[in-house]
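Biologist: I would like to ask for a close look at one part of a protein model, written so that a first-year student can follow each step. Please keep the answer connected, moving from that part to its surroundings.

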Amino acid sequence: MFRNRAWQFWWLGPLVLVVLAAGWDTLAKGKKTEKRPAPPAVVAAPSGGTLEERLLRLIPPALEQPGRMGLVIGEADTARVLFRRFPEEPLIPASTMKLLTAATALYYLGENYQFETNLWARGPVRAGVLESDLVLQGTGDPGLSGRLDGSPDRLAVVRGWVDALRGQGLREIKGHLLLDDTAFPGPAYPACWPVEERNLGYSPETSALACNENSLDIVVTAGKEGGAPAFRLSPATQFVTVQNRAVTQGKKNELAVYRTEQPNVWLLKGKCGKTTADLSLTAPVEESGLYLGSLLYEEMMRRGIWSPPGSKMYV
């Protein structure tokens, strides 16, 4: 929205594209980091017979029917097809799509591509005071997350930005916060995306301004028997509201979060086990550009940089 390079600006440094062909689900769901198990042993193709016969013997019987699998094996250098099984069967690619996404990113962007996330000032800073607006401009960096750096602080990236601004001598902003997410003009979800999956933590919106995989954690701890459990948001923010309809009961956790008709108002329902402590339920946020802007705005307010009243946030 605002791209005048004549503005005074602070560049927060490039953030390198992290290509994950596998394992993204663990990150996106917000689980605690655990030691990865050893990879499964490579299974050798049975000997005897043609290549097709040997490969067929590797396919489990449960998959050997239409609607369960589609497989094509070919030579990378010649594209010669060596084996195919139900190649035209329409199937949901699921996590194998990560392979295509990673390969596409490497092909078109290159292995040294770096995303830029910029903060621009729409005027000069005098004596540490910005009289005009601050612009946050994103280009779709998927790595703006403390978790990817191994930090438990889900505001680590935003805090780093505020530290960088203060390091440039900025002490006060009297204007507004403007958000530029125009690098991704498309819809937040594809038209074919199942509506029911938008409740899932690993199914967030896409946005040019993204943070913490466009999700947050609802961290639940058991309360008194028969009473509501306690919860907190990570990162802490006023951008999301949770209506707590859960109850502390029994030993097992049967908790889930659901969207309501109001944007970013979530419903926490189900049973919370009596010994539950710090159970994380990951929820994808709506209006993800505003989510990142809110995290930045709230952190600056906490640090005393923004000057209320009257300051607002615009996309």
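Biologist: Does asparagine 212 count as buried or exposed, and what is its relative accessibility?

Modeller: The model is a predicted one, and the values below should be read in that light. Asparagine 212 counts as buried, because its relative accessibility is 0%, and the cut-off for buried is under 20% relative accessible area. This residue is found in the loop between strand S11 (177-180) and strand S12 (215-221). Its phi angle is near 50°, which is a positive value in a residue other than glycine.

A positive phi is also seen at glutamate 287, where the angle is near 55° and the residue is again one other than glycine. Glutamate 287 lies in the loop between strand S18 (279-284) and H5, and with a relative accessible area of 41% it is partly exposed. One more point of backbone geometry belongs here: serine 234 and proline 235 are joined by a cis peptide bond, with omega about 5°. Proline 235 has its place in the loop between strand S13 (230-234) and strand S14 (241-244).

The loop that holds glutamate 287 leads to helix H5, and this helix brings us to the interior. The largest nonpolar core has 43 residues, and among them Leu134, Leu136, Leu296 and Met300 touch the most other members. Helix H5, which spans residues 288-302, gives the most to this core, with six residues.

Aromatic rings come next, and a search of the whole structure finds five aromatic pairs. One of these is formed by tyrosine 107 and tyrosine 108, which meet edge-to-face, at 4.9 Å centre to centre and with 80° between the planes. Tyrosine 107 is exposed, with a relative accessible area of 66%, and tyrosine 108 is likewise exposed, at 66%. The rings of tyrosine 297 and tryptophan 306 have centres 5.2 Å apart and planes at 50°, so this pair is described as tilted. Tyrosine 297 and tryptophan 306 are both buried.

Charged side chains complete the picture, for the structure holds twelve salt bridges. In one of them, lysine 174 meets glutamate 131, and the closest N and O atoms are 3.9 Å apart. This pair links distant parts of the chain, 43 residues apart, with lysine 174 in the loop between strand S10 (172-173) and S11, and glutamate 131 in the loop between strand S8 (129-130) and strand S9 (134-137). Lysine 174 is partly exposed, with a relative accessible area of 44%, whereas glutamate 131 counts as exposed at 52%.

Another salt bridge joins the side chains of aspartate 163 and arginine 303, at 2.4 Å from N to O. Here too the pair links distant parts of the chain, 140 residues apart: aspartate 163 is in helix H4 (residues 156-167), and arginine 303 is in the loop between H5 and strand S19 (313-314). Aspartate 163 is partly exposed, with a relative accessible area of 43%, and arginine 303 is partly exposed as well, at 29%. Arginine 303 also forms a salt bridge with glutamate 299, in which the closest N and O atoms are 3.1 Å apart. Glutamate 299 counts as buried, at 3% relative accessibility. These residues belong to a network of salt bridges that links Asp153, Arg159, Asp163, Glu299, Arg302 and Arg303.

Conventions. Residues are numbered from 1 along each chain as its sequence is written. This is a predicted model: local features need pLDDT of at least 70, side-chain atom pairs count only at pLDDT 80 or more; totals for chains, interfaces and linings use all residues. Side-chain values use heavy atoms; hydrogens and water are left out. A nonpolar core is a set of buried Ala, Val, Leu, Ile, Met, Phe, Trp, Tyr and Cys residues joined through side-chain atoms within 4.5 Å. Buried means under 20% relative accessible area, exposed over 50%, partly exposed in between (1.4 Å probe, protein chains only). Helices (H or I, at least four residues) and strands (E, at least two) are DSSP runs, numbered from the N terminus. Rings of Phe, Tyr and Trp (its six-membered ring) pair if their centres lie within 6.5 Å; planes under 30 degrees apart count as stacked, over 60 as edge-to-face and the rest as tilted. A salt bridge is a side-chain nitrogen of Lys or Arg within 4 Å of a carboxyl oxygen of Asp or Glu.
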